[in-house]
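Here are my notes on this one, as promised. Have a look at the model first, then read on.

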Amino acid sequence: MIELVAAKKPVYAIHMNCDRPPIGLGMIISYLKKNLSQKEMDLLDFSPGYIVDMDDLESKVEKYGCGIFFFSTYLWNVSIHLEYSVKLKKRFNNSLIIYGGPFVPRDELSAIKFISDNPYIDILIHGEGEDASLSVIKRYLSQDNYENIDSITYCKNGQFFYNGAKSIDDIQKLPSPYLTGEFDAYLGLHDTQVVTLETTRGCPYKCAFCDWGQSTNQKIREFGMEKIYKELEWVGMNKIPIIELSDSNFGILKRDVQVAEYICKIKQKYGYPKEICANFAKNIHDNVISIIEMTKDAGLVSQAILSIQTLNPETLNIIGRKNLNEEHYKKSLERFRELDLPVTIELMLGLPGCTVQSFKNDLQWACDFNLGVYVHSTILIPNTQIASESFKSKYKILTAAESNLTNPENLKKVGLKSIKDNQVVSLESISQDEFIKMMKLTSVFHIFYGESIIKYLMFYLNNEYGITQIDFLYGLQENDLTEYPLLLKFRDMGDAPASTIAFSGDEDVLWETVRENRWSIFYDDVKKYILAHYEVLEEELEVVLEIQKFVMGYYNRALPDSREFEYNLPLYFKNIISGKEKKKLVEYGRCVLKVTDPLNICTKSIKPDYYEPHHGHIELSSQLNDLRFGFDLNDVKN
Ligand code: B12
Ligand code: SF4
């Protein structure tokens, strides 16, 4: 039942599945409020506010009824938005449904197709939404038509009108939703762990898989420093643990160093934020190094993330990143090593030109440099070059929608969880079967290397016997493991990072092992497996396995703990990784290894909720990995 039929039009700002104040909508609503006349404002009711979940949306619609619905549409909510909009239009024929956000196509053909496929949408707004939203609302309130408004598509009397996609030149005119109090009510209702801040807009590069790469405005446009400083103050005062900068290349401008200095000051003053995440400039020059150095000292960053996507020269050429090659990243790695900063790389599986071997090479490269890895699947997102028909046919790109991988029976057969229909699953250079194997390899890699479970053991096998980490893992993946039941369970666990397609398996096995300290059983399986498949020295292998076991956490373990071992594996590991010395393990004498638990891993019997889970969850701190980092969000909340 609708409680109230208001004379004023309720305005709904909807971004489903959003884990933070929806800044895109906040920018639009605060711009409307700044620029609408009092008379116009009197016709609107902004009480429904910012809505990020379905229960809230349904109850607000019951309360406020028919109105203006702004849907902020991204890959992660487009289906829910479309489904809900159908119901909405059926119920309130007079509602105004406006779609904006990166999922809204920007070119004429795709925009008209999108709106004609979804006729309950009244208006599409392309790209930056502030100016177009203001014009649309003004015309709507004066019951005028939408003719000649830039950056929109609409339908009138069965005819479609497309007015391009224009970006905003002067972004300084846009008010900050944080500072105008737009999100005050949101903060009261939601446990806000992270906010997105913008210091600039735009990206000068043109990567084929990215929305920004194809955007109409390639210039970097700057927000004023005063707004940035005030927003940072707001973050500190509101005790927000994490800032995520939306900038495409933080550090590209000299003034970014000042922004970073200010963030450090705010942390010192308020104890918040605890962490910042940024996409750093692709050329790691002095600005970036100073930013990383100072934010690391302030405890705000604990790792560098390099979004390399791939090192395959053919792919880099196709996707427009040929300068971002191996040599480029090696230089960056050297700088980060000088700063003693752990590095995680982001890879993409399924870019044009990618092969089984190139993907294996990418993973092996990470092992060679002791890097954390996060593998993303390749998704065809609107407004990108790789989603264009010409690209798709040139590289024979097949997505899950067109393959047998949407069939639940087939998914079950290969042990996969459901796959998004816009996800690349094969290309000219890689078949669907090969692709599935690489997805499984990602999963196996994440468990055994990413969680550090046999990371040091594999390092040893590579250096002593030339068995590369990736060959070893691929062997594990392909071999029959029925004789090694716990190893088998781990392999098929399917605990891959959130954005990759995980294999369906028993994800609890890792936490059972931690809770019940079943590591001896696990490493016995590993030993038997290695002795059955490789010719290695058993005595040495046993020492390495004991060390590997010693650094794993388990519930209620008494810590700190120290133990003497026959070989100095930590020194061996560090010397080789840093390129200092490549001696055999036996040439290193004894060592006393001490483990501590700065992240309180052993007091938890459930998986901790780390914000940056790029590194393993259960390896303790020791001379092998003294750079444990991250924080459990549950600890911050208390
Ligand atoms: C912060 C961010 C995230 C955050 C959180 C996002 C969130 N919930 O808000 C995190 C880290 C979680 C994230 C994750 C992912 N992201 Co992301 N992310 C971004 C980033 C860097 C900034 C977004 C932002 O807040 N910008 C600032 C605001 C002001 O800009 P905006 O959102 O574009 O809003 C403007 C316009 O779009 C428009 N607009 C927005 N909403 C509306 C609504 C209406 C009605 C109107 C009229 C206009 C309008 O007007 C706004 C103001 O001008 C962008 C890249 C970028 N710099 O834009 C990618 C981006 C949004 N992400 C993207 C992707 C692909 C992902 C992932 C799928 C990546 C992956 N493979 O894992 C994941 C999926 C997450 C999930 N939930 O499933 C794509 C989205 C493409 C698409 N079509 O949806 C982008 C564009 C980057 C890209 N590669 O092209 N992401
Ligand atoms: S991937 Fe990064 S560098 Fe490339 S176009 Fe997108 S934002 Fe710019």
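1. Start with the spacing: the centres of domain 1 and domain 2, taken over C-alpha atoms, are 28 Å apart. The full assignment for the protein chain is domain 1 (9–162), domain 2 (171–395) and domain 3 (449–635), with bounds that come from an automatic or database domain assignment.

2. Keep in mind that this is a predicted model, where local features need pLDDT of at least 70, side-chain atom pairs count only at pLDDT 80 or more, and totals for chains, interfaces and linings use all residues. Residues are numbered from 1 along each chain as its sequence is written, while chains are lettered from A and ligands numbered from 1 in the order in which they are written.

3. Back to the two domains: 20 residues of domain 1 and 19 residues of domain 2 make the contact (C-beta atoms, placed from the backbone, within 7 Å). On the domain 1 side, α1 (23–35) and β2 (44–51) each bring at least two residues; helices (H or I, at least four residues) and strands (E, at least two) are DSSP runs, numbered from the N terminus. The biggest share there is from α1, with seven residues.

4. Now a sheet: three strands in the order β13-β14-β15 form an open sheet with parallel pairing (pairing takes at least two DSSP bridges between two strands). β13 (304–309) and β15 (372–377) are at the edges with a single partner strand each, so one side of each has no neighbour in the sheet.

5. Strand β14 (residues 343–349) runs parallel to β15 over six bridges. Leucine 347 has valine 375, in β15, as its bridge partner.
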